[in-house]
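Q: Before turning to individual residues, I should like to learn how the features of such a model are read.

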Amino acid sequence: MEFIRIITRKTLFLAIFLLFSFMTPGVDAADKENCLMCHKYRQIGRIDEKGRKRSYFVNENIYANSVHRNVPCRDCHTYIDKLPHDPVTQEVNCANECHIKPPFSNDNFSHKKIIDVYNRSVHGTQEDDSPELKAAKPYCKYCHLNPIYTRVEEQRIAFEETLGRCLNCHERKGVTQAYKHITHRLRSKTSRSPQEIVQLCSKNCHADLVLMKKLKVSNESMEAVKTYNESIHGKAVGLGSQKAADCVSCHATSSIHDIYKKDEPHATVNKANLVKTCKQCHENVTERFAQIDVHSEIGPHEKPVLYSVNVILGFAFYGSVFGLIGLAMLESYGRRKDGIKMQILHGTSWRGKSKRDKSK
Amino acid sequence: MPGEPKRLEHPRSVYIIGFIFKIITLSVLIAVIYQITFSPHGPAVLVPIKEKIEESQKSAILEEVRQQEEYEKHRHFHHVVEYPQLPENMRPVCYICHSDYPHSKNKKVRAMLNMHTQFFVCETCHIQEQPGISVTYKWYNPLNETPKGPFYGTEYDPETGNLIEVEDQFSKISPFYRTGDKFKSAIQIQDSALAQDYVKVRDKLTPEQRDNVKKKFHVHIKAKGHECKVCHSRNGILDFRNLGFSANRTIDLEQLNIKGMVTKYESFYIPNLFSE
């Protein structure tokens, strides 16, 4: 009886939703239940009881171009079960199964597999984590906003030509998105630029030393952002390089989410795996090469030799730049004092007779 | 050198080359100075001083607001789009105290009411009818005396079924007092004399005095806005067709099922219907 009661309710619920969906023209494929009827307006939202701005707006044109465009709203927002719905208190669980079948598979799609990898990593919440640590650990949405399909502009993929071949058999609308879905992953290890990755890991997290101290991270982690920025990789990324190593290049495999502390045997930065990790970019890597400190604080007590070399090189660099400028300024000052004038037009730049030059 | 002829009148190219070299030298110098003082990639010798100055000017409220905005971006997941905002002085006077999210009391409909602030100014709903004065509703844009449209929300894109994107981001439906053929805006912007005067002196007023002045702003304002059906019905106060809404959009707005959902909420929502 209970079962029939539930079925009846669900059917009635579905019928009401379907009724609404037929009443407005042109609803998106994923929005059969017509949630966008209200949520497509940008001012839908409120200031909540704690004084925080809450926007419930979903831009329909952007959503239709995002990777989730075919996922019905309630596949993620499973807790919505009536209209108008109650204030939402639950979070979306990305490990849910949705009503999308991946190609060549009969199973419903789910992010569960990668979430399992993530949960085992250093960022996954563990039972013995302190409440502060649990709150500080990033969740899916912290790093992943609903991604939009982007096409790869690099020359390695002749976008139009290759897509043209797909169109021989497939419909344009679906296959264009699917094609972009695959090709944007061919760009590099991550779809994000190294600059975005560094920003993502640092801002509000690893660069927030107050937070890091509260979470009792190791000294090395405390200094990680600073020492990375001072390293050759950090400087190259800071100057705009798209090839230099960012955080994920070294700290994760191609599953991106498997970041571990370096003492863990499967960490990419574990001593045993370093050669392999460096080899991703540096072809002829030896054990000796892998011993190089990539980013660590160079203090006078811990690493006296490196520290001295660092200081000497610093002096050599700043010394040569400021030394040359200093010399030029001293020379100018001396000439002016001697009464020689700087002249830009009509001939040499310095004119006049030095007071000290008694020979003339 | 003595005896050598003086170098006079260099060709123009020499000056150009000299200029280019000076620019290069100057940029190298600036880069090196930045590297040594503030850059996160160098010794950052001046960063502690900068941090000290920032620390002394820190505002806990400002910090929290910024943090919340960042948090909201991640919580929201669907893209938070930044839309252009009107300059402060051109905004309706209501904005001195209220925001774009003014409704917060009625839990069932507050987000839905706030949604309407995209389409019209506060007075469109909250204006107090006065005997003998007729009110007409027109599109109003503080930056453009006669906005031509197309306005957001008036048309569907036939291809996608979505509402068409428009250039005009500021026009809202707004009440006008009508005398003969002349229309006079029924709303005040922050540039108005009263508003400017209030902003100037509000810190000097006692709380009671401030309340008095606020009442002045609300003379022709009623606390409770119109019911949904005042606009969302066949003969509502907004003439959707005249306001430029397309035929199918007009029908959708006049027969808006959402209106039925809200006003008939009690009968629609049968308690326990969907609970398991």
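The dialogue below treats confidence, secondary structure, burial, backbone angles, cysteines and cavities in turn.

Q: What conventions apply to the numbering and to the model itself?
A: This is a predicted model, in which local features need pLDDT of at least 70 and side-chain atom pairs count only at pLDDT 80 or more, while totals for chains, interfaces and linings use all residues. Residues are numbered from 1 along each chain as its sequence is written, chains are lettered from A and ligands numbered from 1 in the order in which they are written, and side-chain values use heavy atoms, with hydrogens and water left out.

Q: What average pLDDT does chain A have, and what does chain B have?
A: pLDDT is the predictor's confidence in each residue, from 0 to 100. Chain A averages 85, with 88% of its residues scoring at least 70. For chain B the average is 84, and 89% of the residues score at least 70.

Q: Which elements have the lowest and the highest mean pLDDT in chain A, and which in chain B?
A: Helices (H or I, at least four residues) and strands (E, at least two) are DSSP runs, numbered from the N terminus. In chain A, helix H1 (residues 2-23) has the lowest mean pLDDT, 46, and helix H14 (residues 247-251) the highest, 96. In chain B, the lowest mean, 41, belongs to helix H10 (residues 265-268) and the highest, 93, to helix H2 (residues 47-56).

Q: Where does pLDDT stay under 50 in chain A, and where in chain B?
A: A contact means heavy atoms within 4.5 Å. In chain A, the stretch is residues 10-28, for which the model has 36 contacts beyond four places in sequence. In chain B, it is residues 265-276, with 21 contacts beyond four places in sequence.

Q: How many helices and strands does chain A have, and how many does chain B have?
A: Chain A has 17 helices and 4 strands. Chain B has 10 helices and 3 strands, and along its sequence the pattern is α-α-α-α-α-β-β-β-α-α-α-α-α.

Q: What share of contacts joins residues at least 24 apart in chain A, and what share in chain B?
A: The contacts considered are those between residues at least 6 apart in sequence; in chain A, 42% of them join residues at least 24 apart. In chain B, the corresponding share is 62%.

Q: How is burial read, and is Phe183(B) buried, exposed or partly exposed?
A: Buried means under 20% relative accessible area, exposed over 50%, and partly exposed in between (1.4 Å probe, protein chains only). Buried residues make up 31% of the 360 residues in chain A and 36% of the 276 residues in chain B. Phe183(B) has a relative accessible area of 35% and is therefore partly exposed. This residue lies in strand E3 (residues 182-185) of chain B. Beyond four places in sequence, Phe183(B) is in contact with Thr136(B), Lys138(B), Phe176(B), Tyr177(B) and Arg178(B).

Q: Where is Asn34(A) placed, and where is Phe77(B) placed?
A: Asn34(A) is in the loop between H1 and helix H2 (36-39) of chain A. Its phi is near 60°, a positive value in a residue other than glycine. Asn34(A) is buried, at 5% relative accessible area. Phe77(B) is in the loop between helix H3 (60-76) and helix H4 (110-115) of chain B. Phe77(B) is not a glycine either, yet has a positive phi of about 70°, and at 18% relative accessibility it counts as buried.

Q: How many disulfides are found over all chains?
A: A disulfide is a covalent bond between the sulfur atoms of two cysteines. The criterion is a pair of cysteine sulfur atoms within 2.5 Å. The search finds 0 disulfides over all chains. Cys98(A) is in no disulfide, the nearest cysteine sulfur, that of Cys76(A), being 6.6 Å away. Cys98(A) is also buried, with a relative accessible area of 10%. The sulfur of Cys125(B) is 6.1 Å from the closest cysteine sulfur, in Cys231(B), which is too far for a bond.

Q: How many cavities of 30 Å³ or more does the search find?
A: On a 1 Å grid over the protein atoms alone, a cavity is a set of points where a 1.4 Å probe fits but cannot get out; lining residues have an atom within 4 Å of a point. Grid points are joined across faces, edges and corners, and a volume is the space filled by probe spheres set on the points. The search finds 5 such cavities. The largest has a volume of about 160 Å³. Of the 14 residues that line the largest cavity, the closest to its centre are Phe57(A), Asn59(A), Tyr83(B), Tyr152(B) and Glu165(B).

Key. 1 Å grid on protein atoms, 1.4 Å probe; cavity = no way out; pocket = protein on both sides within 12 Å on 5 of 7 lines; lining within 4 Å.
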